[in-house]
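Notebook open, coffee made. I want to look up how the chains in this model fit together, and I'll jot down what I find as I go.

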Amino acid sequence: MSDSSTFVADLSEVTPERDIARDLAKRAVWVAPVFVAVGAVGWGATGAASAAVALILVVANFLIGAAIITRAVRISLNALYGAVLFGYLIRLGALAVIAVVLKGSGDWFSAVPFAITLLVTHLGLLTWETRHVSASLAFPGLAPEPVSQVTPEENHSK
Amino acid sequence: MLNVLAQTAAGEMVEGLKAIGAGLGYGLAAIGPGIGIGTVVGNAISAMARQPESAGMARTTMFLGIAFTEALALIGFVVFILLLP
């Protein structure tokens with residue numbers, strides 16, 4: 001019986017999805033000015049605002065998805081299954097509500113730059129991150145050292 | 001019912017049908033990714049249960065797989081938001 005609790009404890013020690021989501025968020029910050037600029041050039045101020053909202057939604061989607069997995073793994077693998085699927089449903093529902101609210105909120109929102117930014121950033125950031133992860137798996141020396149495994153003494157000696 | 005439809009302006013009818021189509025499209029587009037995410041997570045859980053030492057790699061692949069599968073639902077979401085009156 002103690003095996004399952006040890007197993008869950010082992011699973012909760014590493015949080016790769018959180019690291020990936022944070023990495024995606026950092027990359028989204030890097031590319032954000034490009035998309036906002038494209039939105040501003042093509043659609044004016046409404047395009048820039050819509051592209052910014054789309055970027056925020058993409059990053060929030062990644063971070064919330066990762067947080068759900070990280071929390072559910074600490075409970076059990078069954079909880080992970082349920083949490084991922086219900087999390088998917090809830091995030092889709094939240095996106096629909098946000099879309100309706102944005103559409104009805106006034107003239108500052110433009111659907112086309114919002115849609116383009118949403119799709120391109122989601123797929124582009126994921127492809128970028130997948131290339132990084134693949135390279136890290138093929139050449140482990142490229143993978144950054146997990147911060148949690150560095151003791152203060154080691155950190156000080158560096 | 002027919003009287004109500006006959007009294008409705010053509011423009012309103014089109015707007016209403018657009019809204020219904022958008023909602024239906026979004027819902028239908030979410031079915032496939034839902035099945036896909038279930039498959040991805042189910043197989044990742046099997047992998048973690050069989051080989052706990054490779055759980056980190058399984059979770060990395062699982063998260064990326066979920067995110068890629070969600071892109072399909074996002075396409076449905078984009079159609080939804082473009083069709084929404």
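**Entry 1: the interface.** Before I quote a size, I need a term: buried area is the accessible area that two parts lose on being put together, summed over both. I should also write down early that this is a predicted model. With that settled, I looked up chain B and chain A, and they bury about 3,400 Å² between them. Carbon and sulfur atoms account for 82% of that buried area. I then checked who takes part: 34 residues of chain B are in contact with 44 residues of chain A.

Next I looked for polar links. Between chain B and chain A I get eight residue pairs in polar contact. On the chain B side, α2 and α3 each supply at least two of the residues that touch chain A. The largest share of that side comes from α3(B), with 21 residues.

**Entry 2: chain B by itself.** How many helices and strands does chain B have? I found three helices and zero strands, so to speak a plain α-α-α when read along the sequence. Of the 85 residues in chain B, 38% are buried. Chain B exposes about 4,500 Å², and carbon and sulfur atoms supply 71% of this.

I also looked at how far apart in sequence the contacts reach. Taking contacts in chain B between residues at least 6 apart, 71% join residues at least 24 apart.

**Entry 3: salt bridges.** I find four salt bridges over all chains, and two of them are across the interface of chain B and chain A.

One of the crossing pairs is Glu70(B) with Arg91(A), where the side chains meet at 2.7 Å, N to O. Another salt bridge joins the side chains of Glu17(A) and Arg59(B), at 2.6 Å, N to O. This pair crosses between chains, from helix α2 of chain A to helix α3 of chain B. Buried or exposed, I wondered, for Glu17(A) and Arg59(B)? Both Glu17(A) and Arg59(B) turn out to be buried.

Then I moved to Arg27(A). Its side chain meets that of Asp23(A) in a salt bridge of 3.2 Å, N to O. Arg27(A) and Asp23(A) sit four residues apart in helix α2 of chain A, so about one helical turn separates them. Both of these residues are buried.

Arg27(A) also meets Glu129(A) in a salt bridge, at 3.1 Å, N to O. Here Arg27(A) is in helix α2 of chain A while Glu129(A) is in helix α5 of chain A, so the pair ties together parts that are 102 residues apart in sequence. Glu129(A) is buried, as is Arg27(A). Through shared partners, the salt bridges join Asp23(A), Arg27(A) and Glu129(A) into one network.

**Entry 4: the nonpolar core.** A general note to self: in soluble globular proteins, nonpolar side chains tend to be buried together. In this model, the largest nonpolar core has 57 residues. Which residues have the most contacts inside it? They are Leu80(A), Phe114(A), Leu118(A), Met48(B) and Phe77(B). In chain A, α2, α3, α4 and α5 each supply at least two residues of this core, and in chain B α2 and α3 do so. The largest share, 13 residues, comes from α3(B).

I picked Phe114(A) for a closer look. Leaving out residues up to four places away in sequence, Phe114(A) touches Ser50(A), Val53(A), Ala54(A), Leu57(A), Leu102(A), Phe109(A), Phe77(B) and Ile81(B).

**Entry 5: two residues I clicked on.** His122(A) is in helix α5 of chain A. It has 1% relative accessibility, and that is why it counts as buried, given that the cut-off is under 20%. Leaving out residues up to four places away in sequence, the residues His122(A) touches include Val58(A), Asn61(A) and Phe62(A), along with Ala67(B), Glu70(B), Ala71(B) and Leu74(B). Glu70(B) has come up before, in the salt bridge with Arg91(A).

Ala44(B) is in helix α2 of chain B. It is buried too, with a relative accessible area of 8%. Again leaving out residues up to four places away in sequence, Ala44(B) touches Ala58(B) and Met62(B). Last thing I looked up: the C-alpha atoms of Ala44(B) and Ile20(B) are 36 Å apart, with these positions 24 residues apart along the chain.

Key: Residues numbered from 1 in each chain as written. Chains lettered and ligands numbered in written order. Predicted model: local features only at pLDDT ≥ 70, side-chain atom pairs only at ≥ 80, totals over all residues. Heavy atoms only, no water. Core = buried A, V, L, I, M, F, W, Y, C linked by side-chain atoms within 4.5 Å. Buried < 20%, exposed > 50% of the residue type's maximum accessible area, 1.4 Å probe, protein only. Contact = heavy atoms within 4.5 Å. Areas by Shrake-Rupley, 256 points an atom, 1.4 Å probe, with all protein chains shown as cover. Buried area = accessible area lost by both parts, 1.4 Å probe. Polar contact = N/O pair within 3.5 Å; in protein donor to acceptor, adjacent residues only side chain to side chain.
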